[in-house]
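User: I have a chain open and would like to talk through how it is put together. Could you take me through it?

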Amino acid sequence: MRARAFNILAVSSVLLAVASAGLWAWTLFASARADYASHDARRGVFVGWVISSSAGEIFLARTSGTGTFPHDRAKWHRYTVPLDPEQPLRLRLGLRLPRFDYRDVPIHPPLLQTYWSLTVPYWLLVLIAVPLPAAWRVRRARVRRRLSSGQCLHCGYDLRATPERCPECGRGTMSGP
Ligand SMILES: [Zn+2]
């Protein structure tokens, strides 16, 4: 069961690493953004979301408050933003640290909007995602080595004399790690 959870995590990490690297590369050529806003006219409140991928970073922001959403859109709106050709490559790579921002923004007091945003550079996502698949490969290589050399999958004890059950850790030899 632990092995299966580990495998699911490792596969998710591979997907995260590939997706992050792909999006990271894509931000060198284009930036994309999607907005969502919903407005509850009866209660006079709104919630707006922004997610964007630009200049080597992914950005998520939420604004909520009383009044109307500045852009007044009631559904997802996606668009790509042309790159500034003058922007140097090193700025597009997003070699910055993750950032979090939280603010209460007085609009027309006492009306208040609450804003938070999270910016995560793709290099960090890749860095987080890579170690687990690497550990997975090491683990698989170890299992293969033990299988081919007649060792216990769990503890590595030599099973050539007792192929049914491991005398060291007591586990059956047919089950996986
Ligand atoms: Zn064993």
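User: Which residue is the bridge partner of Ile51 in strand 3?

Analyst: The bridge partner of Ile51 in strand 3 is Leu60; helices (H or I, at least four residues) and strands (E, at least two) are DSSP runs, numbered from the N terminus. This is a predicted model, in which local features need pLDDT of at least 70 and side-chain atom pairs count only at pLDDT 80 or more, while totals for chains, interfaces and linings use all residues. Residues are numbered from 1 along each chain as its sequence is written.

User: How many bridges do strand 2 and strand 3 pair over?

Analyst: Strand 2 and strand 3 pair over ten bridges in the antiparallel sense, where two strands count as paired if DSSP finds at least two bridges between them. The two strands form a hairpin with two residues between them, and Ala55, in the turn, has a positive phi of about 50°.

User: What about Ala55 itself, buried or exposed?

Analyst: Neither label applies, because Ala55 has 19 C-beta neighbours inside 10 Å and so counts as partly exposed. On this scale a residue is buried if 20 or more other C-beta atoms lie within 10 Å of its own, exposed if 12 or fewer, and partly exposed in between, with C-beta atoms placed from the backbone. Its positive phi is found in a residue other than glycine.

User: How far apart in space are Trp26 and Ala55?

Analyst: Their C-alpha atoms are 9.1 Å apart, although 29 residues separate Trp26 and Ala55 in sequence. Trp26 lies in helix 1, and with 15 other C-beta atoms within 10 Å it is partly exposed.

User: Let's move to the sheet. What is the strand order?

Analyst: The six strands form an open sheet in the order 4-1-2-3-6-5, with antiparallel pairing. Its edge strands are strand 4 (77–81) and strand 5 (99–106), each of which pairs on one side only. From one strand to the next the twist averages 15°, taking axes as lines fitted to C-alpha atoms, for helices over the stretch in contact, and angles from 0 to 180 degrees between N-to-C directions.

User: How is each edge strand held, then?

Analyst: Strand 4 pairs with strand 1 (residues 31–40) in the antiparallel sense over five bridges, and there Val81 is the bridge partner of Ser31. Strand 5 pairs with strand 6, again antiparallel, over eight bridges, with Arg99 standing opposite Thr119 in strand 6. Thr119 is also the bridge partner of Phe59, and nine bridges join strand 3 to strand 6.

User: Why does strand 5 lie largely in the open?

Analyst: Of its eight residues, the number buried is zero, so strand 5 lies largely in the open.

User: Switching to the helices, which residues of helix 3 are buried?

Analyst: The buried residues of helix 3 (residues 122–129) are Tyr122, Leu125 and Ala129. They cover an arc of only 55° around the axis, which puts them on the same side of helix 3; the arc is that of the directions from the helix axis to the C-beta atoms. An α-helix has 3.6 residues a turn, so residues three or four places apart point the same way.

User: And what do they pack against?

Analyst: They pack against helix 1 (2–26), strand 3 (57–66) and strand 6 (112–121), with contact meaning that two C-beta atoms, placed from the backbone, lie within 7 Å. Helix 3 lies across strand 3 and strand 6, running at about 60° to strand 6. Leaving aside neighbours within four places in sequence, the contacts of Tyr122 include Ser20, Leu23, Trp24 and Ile58.

User: Which residues make up the largest nonpolar core?

Analyst: That core has six residues, namely Ala17, Trp24, Ile58, Tyr122, Leu125 and Ala129, and a nonpolar core is a set of buried Ala, Val, Leu, Ile, Met, Phe, Trp, Tyr and Cys residues joined through C-beta atoms within 7 Å. Helix 1 and helix 3 are the elements that give two or more residues to this core, and helix 3 provides the largest share, three residues.

User: What share of the chain is buried overall?

Analyst: Buried residues make up 15% of the 177 residues in the chain. The chain has four helices and six strands, which follow the pattern α-β-β-β-β-α-β-β-α-α along the sequence.
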